[in-house]
Amino acid sequence: MDFAEAQKEALGCTKCGLCNSRTRVVFGEGPLNAELFLVGEAPGFNEDKEGRPFQGASGMLLDRLLDSLELGRNEVYLTTLVKCRPPGAAPRPPRPSEVSSCRPYLMAQLAAVEPKVIMAMGDLASRVLTGRKEAVSRIRGRAIPLDGRYVVPTLSLSQALYTPAERALVLSDFARLPELLAAERPQSYETLNIPQPIAEPEPLQPGLW
Ligand code: SF4
């Protein structure tokens with residue numbers, strides 16, 4: 001499925017139960033030549049209302065983080081693992097089956113954008129995009145080479161919003177991005193600037209990529 005087909009299909013998608021809890025599909029947005037690709041977990045209340053990713057207080061924090069790198073929102077591709085808001089006032093994380101149903105849209109976005117750096121925001125995005133079982137708190141800030149891209153796990157913006165210590169960690173993870181964006185694409189499975197070798201990971205879902 002190419003990008004245009006994915007976008008068209010997603011906007012009317014009923015492939016998983018999240019179609020019942022959404023107001024609007026939040027497909028994602030950004031330039032298709034972006035080198036930085038940010039992936040959150042799922043749309044929240046504000047995103048569902050606006051139909052755009054990273055709105056409200058989380059969006060304002062993201063804008064400040066991007067500002068710190070002298071990057072504008074319009075230079076980055078922004079999306080989420082699932083494109084529809086989970087139900088409830090305090091929405092639950094998406095279920096594995098929902099992430100799996102939505103995966104073709106994310107894959108089409110990645111194939112179209114071909115970013116150099118993917119920032120996986122939050123525990124679920126980190127596990128899905130790196131294929132690792134470790135909690136994001138253990139591997140955050142590392143640049144994990146996968147398929148010619150660096151995947152950088154970090155904490156979710158909602159964690160960063162309410163806890164200054166976690167906000168500082170997210171800020172330090174963002175501070176690594178200029179170095180990675182300036183680096184050559186990784187050619188092999190090796191880690192960049194990681195002090196200690198990481199044990200060979202057990203894939204969370206073999207063949208996810
Ligand atoms: S979350 Fe994804 S797979 Fe599920 S209904 Fe929405 S667009 Fe379709």
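At what angle do helix H3 and helix H8 pack, and how far apart are their axes? Keep that in mind while you load the model, which is a predicted one.

**Stop 1: H3 and H8**

Select residues 56-68 for helix H3 and residues 164-175 for helix H8. The two pack at an angle of about 40°, and their axes are 10 Å apart. H3 and H8 are therefore oblique to each other. The crossing of H3 past H8 is right-handed.

Now show side chains. On H3, pick Leu 61, Leu 62, Leu 65, Leu 66 and Ser 68. On H8, pick Arg 167, Val 170, Leu 171 and Phe 174. These residues make the contact. By class, the contact of H3 with H8 has seven nonpolar residues, one polar and one charged.

**Stop 2: H1 and H4**

Move to helix H1, residues 3-11. Add helix H4, residues 96-113. Here the axes come within 9 Å and cross at roughly 150°. An angle over 145 degrees counts as roughly antiparallel, and H1 and H4 are therefore roughly antiparallel to each other. H1 passes H4 in a left-handed crossing.

Which residues of H1 meet H4? Select Phe 3, Ala 6, Glu 9 and Ala 10. Facing them from H4 are Tyr 105, Ala 108, Gln 109 and Ala 112. This contact of H1 with H4 divides into six nonpolar residues, one polar and one charged.

**Stop 3: the aromatic pairs**

The model has three aromatic pairs. One of them joins Phe 3 and Phe 27. Measure nothing yet; just centre the two rings. Their centres are 5.6 Å apart, with 75° between the planes, and the pair is edge-to-face. Phe 3 is in H1, while Phe 27 is in the loop between H1 and strand E1 (36-40), so the pair ties together parts 24 residues apart in sequence.

**Stop 4: the ligand**

Select the ligand and show the residues around it. They are Cys 13, Lys 15, Cys 16, Leu 18, Cys 19, Arg 22, Val 82, Lys 83, Cys 84, Ser 101, Cys 102 and Tyr 105. The shell holds eight nonpolar residues, one polar and three charged. Tyr 105 is listed here and also in the contact of H1 with H4.

Technical notes
Residues are numbered from 1 along each chain as its sequence is written. This is a predicted model: local features need pLDDT of at least 70, side-chain atom pairs count only at pLDDT 80 or more; totals for chains, interfaces and linings use all residues. Side-chain values use heavy atoms; hydrogens and water are left out. A residue is near a molecule or strand if one of its heavy atoms lies within 4 Å of it. Ala, Val, Leu, Ile, Met, Phe, Trp, Tyr, Cys and Pro count as nonpolar, Asp, Glu, Lys and Arg as charged, and the others, Gly among them, as polar. Axes are lines fitted to C-alpha atoms, for helices over the stretch in contact, and angles run from 0 to 180 degrees between N-to-C directions. Helices (H or I, at least four residues) and strands (E, at least two) are DSSP runs, numbered from the N terminus. Angles under 35 degrees count as roughly parallel, over 145 as roughly antiparallel, 65 to 115 as roughly perpendicular and the rest as oblique. A crossing is left-handed if the near helix is turned anticlockwise from the far one by less than a right angle, and right-handed if clockwise. Contact means heavy atoms within 4.5 Å. Rings of Phe, Tyr and Trp (its six-membered ring) pair if their centres lie within 6.5 Å; planes under 30 degrees apart count as stacked, over 60 as edge-to-face and the rest as tilted.
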